[in-house]
Amino acid sequence: MSETTPTTHTFQVDLRGLVDLLSHHLYSSPKVYVRELLQNAVDAITARRAFEPASPGEVRIWTDGHRLTITDPGVGLTAPEVHQLLATIGGSSKRDEEIEGARRDFLGQFGIGLLACFTVARTITVTSRSAKDPAAAAVRWTARDDGSYTVTELPDGEIHEVGTVVELVARPGEDWFAPSKVIELAREYGSLLPVEVTVEGGEGPVRITDTPPLWEREWPSTTARRVALNEYCENVMGFSPLDVIDLDVPIAGVKGVAFVLPHATSPSARGAHRVHLKRMLLTAGADNLVPEWAFFVRCVVDTDSLRPTASRESLYDDAALALARDAIGAQVRDWLADMAASDPTRLEAFLAVHELGVKALARHDEELLETMLPWLRFETTAGSVSLVDFVRAHQPIYLATSVDEYRQVAQIAAAQGIGVVNGGYTYDTELVQALPRLDPEAKVEVLAPGVISASLDPLDVDAELGLQSFLNAARARLAPVDVDVVVREFNPVSVPALLLDDRDARRERQRAEAEAEADDLWGGILASIKQHGPRAQLVLNHRNPTVRRVSAIGDPELAGTAVESLYGQALLLSHRPLRSADTALLNRSFMNLLEHLTSD
């Protein structure tokens, strides 16, 4: 057969516009051209092995920096198939069940994947011979970035080998075909592929594939496997894992490992997980593979069932992914429960870094909460202890729902033997409130100011009467900041004053400050919602020597200034934010004390 006259055709799309779309909108980087070439080659080999199981499966890449070729012994193409594949480009996106079923074993779609190579090449040549139709002529398809292509049927005998050779000619000034770059990209995308891939560029061929994946190999010992996985994590993920969790979700076709981070990370951080689709790297930044609470793991998995997005650079968030995500979460949870039962030392090392993540999970999993509760630590007036131990020593236990509330009372409550838990940290309030469901004898009450003030010892009648004059002066000085003054006796003696209030009192203080700073209109609105609930209390400790000396000052002005200073100290110790009225009071008391000290 003589070589037929080439016929020239034009794509039924604006190719320049399509390349721009691929480069700037669909794909994150031109580097995906290597992935698209590898996908087409692996798909061709898979298609041929469907009817010739013993057919060869080596993919060879050659590059000199300007030209790149990739050769596969796959199913090949006939001239009509070349036209048919090109005709689908830019056509309808409709996919019936028959087409979807036929593509289930393939990584990509030949036409659009091949056009992605125009992001780095100015011409693409495909030379192919069909394995399905040995009598068909070999065909050569040459496409240019001006939007035209030619199809040529080659003479008999010119191409003997079944399969496909794709040749790319680089765009001027591009370095995407540099041998070192091609080797790097081929390893990134294709190191786990089930066919052998080699790259040659000036030196001997470099083997790219390293299969099966480490987590699926047979190892002489558990230690050898762990060492290999640790080394892989350091090289690929950039950290040495605290532990490794095996993942296997057959129903979603997911298998791999989860590496536990060796350092604390924010619960809001979106994890970057490596996902392979049929052994081809899909993405190194999947952030929807695991539940949000499992922010302390980074996964490497392979799947043959989950759907990729159009760019094949992330996972499509559908029901199948949700199922896989829940199953992975369940396996991470089982790992935690097994550690609690069999290896408490390792569990404590994990919790020292990732306790917050476990608390996040335990909120929604009562079985895990019951298992982990003896190991979780909470800030309490008895130190950092487990709730199980704390409940044994204190009944009831009081829950401070914010860090500020806890700091106000912690020192005094500890001295008075009152058990208070700081619920102001993330998830702690929910976990403490869940305690009675696990232990019906445990009593949890929300902390109110009256709990602390009721534990403070009142003064005897004569002592309190003797302090009335001082108390009247003190109350008058603190009335502008809406604070009452009382005197009690309590431990520790070193604490001169305690500032107590509740959420209602704090809201009223904030409202009053906003009213003072607002214009007439908003000031009137804020004044209309004024509350008349209990005010904050400054509790002076009569056992403290400083308080006794202050209460004995005969000069009302100086005594008032001293009370303002005690209020300022108690305010700072409670870690409350200072209002403008508080700042003015503290400045005034400081200046008055200086004036008193320096006056004749």
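User: Which residues of helix H2 meet which residues of helix H6?

Analyst: In this predicted model, Val32, Tyr33, Val34, Arg35 and Leu38 of H2 meet Val182, Leu185, Ala186, Tyr189 and Gly190 of H6.

User: At what angle do helix H2 and helix H6 pack, and how far apart are their axes?

Analyst: As a general idea, two packed helices are described by the angle between their axes and by the distance between those axes. Here helix H2, which covers residues 32–49, packs against helix H6, which covers residues 179–190, at an angle of about 60°, and their axes lie 9 Å apart. That angle makes H2 oblique to H6, and where H2 passes H6 the crossing is right-handed.

User: How should I read a sheet, and what is the order of the strands in the open sheet of 5 strands?

Analyst: In general, the strands of a sheet pair through backbone hydrogen bonds, and the pairing is either parallel or antiparallel. In this case the 5 strands stand in the order S10-S11-S14-S12-S13, the sheet is open, and its pairing is mixed. Strand S10 (243–249) and strand S13 (280–286) are the edge strands, each of them pairing on one side only. If direction is ignored, neighbouring strands of this sheet are turned by 15° against each other on average.

User: How many bridges join strand S11 to strand S14, and which residue is the bridge partner of Ala258?

Analyst: Strand S11, made of residues 254–260, and strand S14, made of residues 297–303, run antiparallel and are joined by 7 bridges. Within S14, the partner of Ala258 is Cys299.

User: Now a single residue: is Thr125 buried or exposed?

Analyst: The idea is to compare the relative accessible area with a cut-off, and a residue under 20% counts as buried. Thr125, which lies in strand S4 (residues 121–129), has a relative accessible area of 14%, so Thr125 is buried. When its neighbours within four places in sequence are left aside, Thr125 is in contact with Arg140, Trp141, Thr142, Val165, Val166 and Glu167. Across the protein chain of 600 residues, 47% count as buried.

User: Where does pLDDT stay under 50?

Analyst: The idea is to read pLDDT as the predictor's confidence in each residue. The protein chain averages a pLDDT of 82, and 84% of the residues score at least 70. Among the stretches where pLDDT stays under 50 are residues 90–111, for which the model has 30 contacts beyond four places in sequence, and residues 529–533, for which the model has 6 such contacts.

Methods:
Residues numbered from 1 in each chain as written. Predicted model: local features only at pLDDT ≥ 70, side-chain atom pairs only at ≥ 80, totals over all residues. Heavy atoms only, no water. Pairing = 2+ DSSP bridges. Helix = DSSP H or I, 4+ residues; strand = E, 2+ residues; numbered from the N terminus. Axes fitted to C-alpha atoms, helices over the stretch in contact; angles between N-to-C directions. Buried < 20%, exposed > 50% of the residue type's maximum accessible area, 1.4 Å probe, protein only. Contact = heavy atoms within 4.5 Å. pLDDT = per-residue confidence, 0-100. Parallel < 35°, antiparallel > 145°, perpendicular 65-115°, else oblique. Left-handed = near helix turned anticlockwise from the far one by under 90°.
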